[in-house]
Amino acid sequence: MALTQRGKVVIGVVVAAVVAVLALLAFTGNAPAPIQSLVDTVTSPDPCPLTGEERANGKDAPVRPMIAVKIENAPEARPQAGLDDAEVVFEEPVEGGLTRFIALYHCGGSGRLGPIRSARLTDPDVLAPFGRSLFAYAGGADPVKEAIEQSDLVDLSYLIAVDAYERDEGRAAPHNLYSSTVALRRAGHGQGEQPAEVFVFSETFEGKSRRAGVSHLPFSSASDVVWSWSRRADGWLRSHGDEPHVSETGDRIRADTVVVMHVKVQPGEIRDAAGNPSPEVTLTGDGRVWILREGRVVRGRWERASLSDPTRFLTRDGEEIPLRPGTTWIELLPLDVDPEFIARV
């Protein structure tokens, strides 16, 4: 039997009412699972690509380039500025048993960054998967500068983006060169691109792991790194030996995830003023990895087919090991240095 015009109107009103009720339930998180999933997909803001977290204001991640800053870690450089604001930090070995940081910023920023020091050949290899990023550093040897020129990085060296840097007269040179994310974005205006989503994140990990309250990474006596799990801080707290690693503000350096990659490191042809060879890190191929999250360590392997590819972290069964959303530190630990993981804090 054909519906009358009035019947069609009544059905239309009922359908509209049902849709309205389901929509209301969905926006309060109480709709049936298929509808809730659809609404969540449409309405959830894009998370920050470096942290996997949504912004506090509920907005999408900003569309702008990532900033990578080369920050010193010699004892004379501590306490550093801006490390506690970084979203991702890579720690790499440099000359004389020291390490140096590549600090990454995208959704957030810092009003003071430094001390900023020179680049190394490892840096373009570390940063390649993120795309065309702004790179701040304090010069480098000619082969390093040539490698940066040949990469996709936007070169914001202090010799190029002069106005983005300043010297802190209260600190001794060369440990006194500073900048800010605002100044670097101004210097790189109109250049660079949105960073690629390099990491896989998950709030939970159901795979095999074991307790690890303390992680000891003895790069050297000058860079004797210790990460300790803190329930109170809900994260990993960093020390150099027995000395807590704090920023200029006095805040403790903290990470949600610490990734320890065993990597091949060999002396390069470039040497510093004291004659020490500059280490070169091999970041393709595969190797052992330990991922610290929530007071536990997950053992696996890292794999990277080419420099343009992101590094994957896999279990022995080939399953992806996700990072906990938040701040990540990635330790490029030489093969001849054995990490130690202690269950009890």
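A search of the whole structure, which is a predicted model, finds 1 cavity of 30 Å³ or more. About 130 Å³ of space lies in the largest cavity. Its lining consists of 13 residues. Those that lie nearest the centre are Phe 90, Val 126, Arg 304, Thr 311 and Ile 330. By class, the lining is made up of 11 nonpolar, 1 polar and 1 charged residues.

**Strand 17 and its partners**

Arg 304, one of the residues nearest the cavity centre, also belongs to strand 17, which covers residues 296-304. This strand pairs with strand 8, strand 16 and strand 18, as the table sets out.

| Strand pair | Sense | Bridges |
|---|---|---|
| Strand 8 (residues 210-211) and strand 17 (residues 296-304) | antiparallel | 2 bridges |
| Strand 16 (residues 285-293) and strand 17 | antiparallel | 9 bridges |
| Strand 17 and strand 18 (residues 312-314) | antiparallel | 3 bridges |
| Strand 14 (residues 257-271) and strand 16 | antiparallel | 5 bridges |

Individual residue pairs fix the register. Which residue of strand 17 is the bridge partner of Arg 211? The partner is Arg 296. Arg 296 is also the bridge partner of Arg 293. Arg 211 lies in strand 8, whereas Arg 293 is in strand 16. Arg 296 thus has a bridge to each of these two strands.

Further along the pairing of strand 16 with strand 17, Trp 290 stands opposite Arg 299. Towards strand 18, Glu 303 of strand 17 stands opposite Arg 312. In a regular strand, side chains alternate between the two faces of the sheet.

Strand 16 has a further partner. It pairs with strand 14 in the antiparallel sense over 5 bridges. Here Met 261 stands opposite Val 289 of strand 16.

**The hairpin turn and positive phi**

Strand 16 and strand 17 form a hairpin with 2 residues between the strands. Glu 294 is in the loop that connects them. Its phi is positive, at about 55 degrees, although Glu 294 is not a glycine. Is Glu 294 buried, partly exposed or exposed? Its relative accessibility is 31%, so Glu 294 counts as partly exposed.

Asp 234 has a positive phi as well, of about 50 degrees, and is not a glycine either. It is found in the loop between strand 10 (224-230) and strand 11 (235-240). Asp 234 has a relative accessible area of 36% and is therefore partly exposed.

**The disulfide**

How many disulfides does the model contain? The count comes to 1 disulfide. It is formed by Cys 48 and Cys 107, with their sulfur atoms 2.1 Å apart. A disulfide is a covalent bond between the sulfur atoms of two cysteines. The pair links distant parts of the chain, 59 residues apart. Cys 48 sits in the loop between helix 2 (33-43) and strand 1 (67-72). Cys 107 sits in the loop between strand 3 (99-105) and helix 3 (122-127).

Why is this disulfide left-handed? The torsion about the S-S bond of Cys 48 and Cys 107 is about -110 degrees, and the disulfide is left-handed because of that value.

Both ends fall under the 20% cut-off for burial. Cys 48 counts as buried because its relative accessibility is 6%. Cys 107 has a relative accessible area of 15%, so it is buried too.

**Cis peptide bonds**

Two loops contain a cis peptide bond that leads into a proline. One bond joins Arg 78 and Pro 79, where omega is about -5 degrees. Pro 79 lies in the loop between strand 1 and strand 2 (88-93).

The other cis bond runs from Gly 114 to Pro 115, and its omega is near 0 degrees. Pro 115 is found in the loop between strand 3 and helix 3. Cys 107 of the disulfide is in that loop as well.

Note on methods: Residues are numbered from 1 along each chain as its sequence is written. This is a predicted model: local features need pLDDT of at least 70, side-chain atom pairs count only at pLDDT 80 or more; totals for chains, interfaces and linings use all residues. Side-chain values use heavy atoms; hydrogens and water are left out. Two strands pair if DSSP finds at least two bridges between them. Helices (H or I, at least four residues) and strands (E, at least two) are DSSP runs, numbered from the N terminus. A disulfide is a pair of cysteine sulfur atoms within 2.5 Å. Buried means under 20% relative accessible area, exposed over 50%, partly exposed in between (1.4 Å probe, protein chains only). On a 1 Å grid over the protein atoms alone, a cavity is a set of points where a 1.4 Å probe fits but cannot get out, and a pocket is an open set with protein on both sides within 12 Å along at least five of seven lines; lining residues have an atom within 4 Å of a point. Grid points are joined across faces, edges and corners, and a volume is the space filled by probe spheres set on the points. Ala, Val, Leu, Ile, Met, Phe, Trp, Tyr, Cys and Pro count as nonpolar, Asp, Glu, Lys and Arg as charged, and the others, Gly among them, as polar.
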